[in-house]
Amino acid sequence: QVQLAESGGGSVQEGGSLRLSCVASTRTGRMGWFRQAPGKEREAVASINKSIRTGITYYADSVKGRFTISHDNDQNTVYLQMDSLKPEDTAKYYCAARRSGISYEERAWREQWSYHFWGQGTQVTVSS
């Protein structure tokens with residue numbers, strides 16, 4: 001059983017920054033971040049394939065140029081650097097991970113069903 005521990009959420013003013021962290025208890029495959037705002041469905045934010053030296057990353061159009069996903073050399077920790085935050089970014093952010101050795105088409109990066117493990121979520125609130 002893989003457990004994911006998220007941290008780094010909080011409240012910031014519009015234009016501020018936060019860095020979310022996700023630590024996996026064991027080695028995993030691709031990892032990603034999803035978010036869910038009240039009254040809305042959970043949506044993919046970013047994803048990284050950390051099984052290679054330079055991970056292949058994906059971003060939702062709404063966060064491109066503002067968010068950056070990365071990982072430590074141990075490949076068990078993934079970060080989401082969030083800059084130029086907007087009130088629209090307010091949501092609960094969830095870390096997700098795939099089982100090691102599992103492969104899907106690249107376009108599945110944004111699909112919840114392609115991830116096997118989920119964190120409990122961390123709240124991000126951006127005030128105007």
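Where is the place of S84? S84 lies in the loop between β8 and β9 (91-97), where strands (E, at least two residues) are DSSP runs numbered from the N terminus.

Before selecting anything, note that this is a predicted model, in which local features need pLDDT of at least 70 and side-chain atom pairs count only at pLDDT 80 or more, while totals for chains, interfaces and linings use all residues. Residues are numbered from 1 along each chain as its sequence is written, and side-chain values use heavy atoms, with hydrogens and water left out.

**Stop 1: the loop after β8**

Select S84 and look at its backbone, which has a positive phi of about 50° although the residue is not a glycine. Most residues other than glycine have a negative phi. With a relative accessible area of 41%, S84 is partly exposed, a class that falls between buried (under 20% relative accessible area) and exposed (over 50%), as found with a 1.4 Å probe on protein chains only.

**Stop 2: strand β8 and its sheet**

Move next to T77, which is placed in strand β8 (residues 77-82) and counts as buried at 8% relative accessibility. If residues up to four places away in sequence are not counted, T77 touches C22, V23, S70, H71 and D72, contact meaning heavy atoms within 4.5 Å.

Now show the open sheet, in which four strands follow the order β1-β3-β8-β7 with antiparallel pairing; two strands pair if DSSP finds at least two bridges between them. At its edges stand β1 (4-7) and β7 (67-71), each of which has a single partner strand, so one side of each is left without a neighbour in the sheet. From one strand to the next the twist averages 15°, with axes being lines fitted to C-alpha atoms and angles running from 0 to 180 degrees between N-to-C directions. To follow one pairing in detail, display β7 and β8, which pair in the antiparallel sense over five bridges, and find T68, whose bridge partner in β8 is Q81.

**Stop 3: strand β5 and its partners**

Select strand β5 (residues 43-48), where five of the six residues are buried, so the strand is largely enclosed by the rest of the structure. Five bridges join β5 to strand β4 (residues 31-36), and the two run antiparallel; in this pairing the bridge partner of F34 is A44 in β5. The hairpin of β4 and β5 has six residues between the strands, and G39 in that hairpin takes a positive phi near 80°. Adding strand β6 (residues 57-59) to the selection shows another antiparallel pairing, since β5 and β6 are joined over three bridges, and here I48 has T57 in β6 as its bridge partner.

**Stop 4: the salt bridges**

How many salt bridges does a search of the whole structure find? The search finds six, a salt bridge being a side-chain nitrogen of Lys or Arg within 4 Å of a carboxyl oxygen of Asp or Glu.

Begin with E43 and R35, whose side chains meet in a salt bridge at 2.9 Å, N to O. E43 is partly exposed, with a relative accessible area of 36%, whereas R35 is buried, with a relative accessible area of 6%. Extend the selection to R66 and D89, because R35, E43, R66 and D89 are linked in a network of salt bridges.

Then go to D61 and K64, which meet in a salt bridge at 3.2 Å, N to O, and which are both exposed. Finish at E105 and R107, where the closest N and O atoms of the salt bridge are 2.8 Å apart; E105 counts as exposed at 52% relative accessibility, and R107 counts as exposed at 66%.
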